[in-house]
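Please open the model in your viewer and keep the sequence panel beside it, since each stop on this tour asks for a new selection.

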Amino acid sequence: MPTLLDIEAEARECVRCPLAEGRTQVVFGVGNPNADLMFVGEGPGREEDLKGEPFVGRSGKLLDQLVLEEMGLSRDSFYIGNVVKCRPPGNRDPKPEEIEQCRPYLEAQVEAIKPKVIVTLGNFATKLLLNTTQGITKMRGQTYDYGDATLVPTFHPSAALQGGGGDVISKMRADLVRAKQELAKC
Ligand code: URA
């Protein structure tokens with residue numbers, strides 16, 4: 001089975017979809033490669049594309065704060081990646097064919113890391129990993145099986161920043177507490 005480094009090396013050369021043309025760098029993922037907890041976001045934004053690291057902008061700061069407050073964990077104790085590894089231009093949504101081309105990297109990351117709990121952030125990660133067309137509002141609030149892992153869907157932090165406000169944040173907090181309880185069972 002390929003290691004995380006093997007998968008990263010392959011992703012860094014990837015030209016499977018047109019997002020490769022516009023990227024500054026591939027944003028593969030970051031964190032503890034043996035983590036029990038993995039977060040999956042949507043795709044890199046401008047700051048992530050420049051820095052080569054997921055969730056370094058405003059969404060990331062909010063996520064870090066909520067994870068620390070509700071789970072007592074900081075970045076070095078989990079792994080974080082995205083559905084697509086290259087920035088969609090102008091921060092548009094990733095297209096279905098881009099997601100399909102990038103999907104093997106995410107699946108290989110999960111296989112290599114073997115997290116016990118996966119938290120999907122928002123619609124794209126949740127729909128992809130749970131193979132559903134149901135939106136995050138319907139899917140969150142419960143846990144699902146994903147292979148040997150437990151999957152906990154929650155809102156993308158940008159939903160809280162884009163006017164979802166307190167209600168979204170309080171639901172995210174509840175979901176993170178749920179993820180913590182699932183981790184404790186492992
Ligand atoms: N939003 C995401 O989904 N991923 C990032 O890495 C940054 C913002």
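Does Arg16 count as buried, partly exposed or exposed? This is a predicted model, and in it Arg16 counts as partly exposed, because its relative accessibility is 35%. Keep Arg16 selected and add Glu10, which forms a salt bridge with Arg16, the closest N and O atoms being 3.0 Å apart. Glu10 likewise has a value between the two cut-offs of 20% and 50%, and at 45% relative accessibility Glu10 counts as partly exposed.

**The whole chain**

Now clear the selection and show the protein chain as a cartoon, coloured by secondary structure. There are 8 helices and 6 strands to find, and when followed from the N terminus they come in the order α-α-β-β-α-α-β-α-β-α-α-β-β-α. If you turn the C-alpha trace along its principal axes, the protein chain spans about 40 × 40 × 30 Å. The radius of gyration is 15 Å, which agrees with the value near 16 Å that a compact globule of 186 residues would have.

Switch to a surface view, where the accessible surface of the protein chain comes to about 8900 Å², with 48% of it belonging to carbon and sulfur atoms. Of the 186 residues, 51% count as buried. Among the contacts between residues at least 6 apart in sequence, 70% join residues that are at least 24 apart.

**Charged side chains**

Next, select the charged side chains: 23 positive and 26 negative charges are present, and their mean positions are 4 Å apart. Side chains of opposite charge can pair when their charged atoms come close. In this model the count comes to 14 salt bridges, and two further examples are worth a stop.

For one of them, select Asp64 and Arg75, whose side chains meet in a salt bridge at 3.0 Å, N to O. Asp64 lies in helix α4 (residues 58-71), whereas Arg75 lies in the loop between α4 and β3 (79-82), so the pair ties together parts that are 11 residues apart in sequence. The partners fall into separate accessibility classes: Asp64 is partly exposed, with a relative accessible area of 27%, while Arg75 counts as buried at 19% relative accessibility.

For the other, move to Arg140 and Asp175, which form a salt bridge with the closest N and O atoms 2.8 Å apart. Arg140 sits in the loop between α7 (136-139) and β5 (144-146), and Asp175 sits in helix α8 (residues 157-185), so this pair ties together parts that are 35 residues apart in sequence. Arg140 is buried, with a relative accessible area of 15%, and Asp175 also counts as buried, at 1% relative accessibility. Before leaving the charged residues, return to Asp64 and Arg75 and add Glu53 to the selection, as salt bridges that share partners join Glu53, Asp64 and Arg75 into one network.

**A buried strand residue**

Finally, select Thr120, which is found in strand β4 (residues 117-121). Thr120 is buried, with a relative accessible area of 0%. Which residues does Thr120 touch, not counting residues up to four places away in sequence? Display Val40, Ala125, Thr126, Leu129, Leu151, Val152, Pro153 and Thr154 together with Thr120, and you will have these contacts in view.

Key. Residues are numbered from 1 along each chain as its sequence is written. This is a predicted model: local features need pLDDT of at least 70, side-chain atom pairs count only at pLDDT 80 or more; totals for chains, interfaces and linings use all residues. Side-chain values use heavy atoms; hydrogens and water are left out. Helices (H or I, at least four residues) and strands (E, at least two) are DSSP runs, numbered from the N terminus. The radius of gyration is taken over C-alpha atoms; the globule rule is 2.2 Å times the number of residues to the power 0.38. Buried means under 20% relative accessible area, exposed over 50%, partly exposed in between (1.4 Å probe, protein chains only). Contact means heavy atoms within 4.5 Å. Accessible areas come from the Shrake-Rupley method with a 1.4 Å probe; for residues, only the protein chains shown count as cover. Lys and Arg count as positive and Asp and Glu as negative; His and the chain ends are not counted. The place of a charge is taken as NZ of Lys, CZ of Arg, CG of Asp or CD of Glu. A salt bridge is a side-chain nitrogen of Lys or Arg within 4 Å of a carboxyl oxygen of Asp or Glu.
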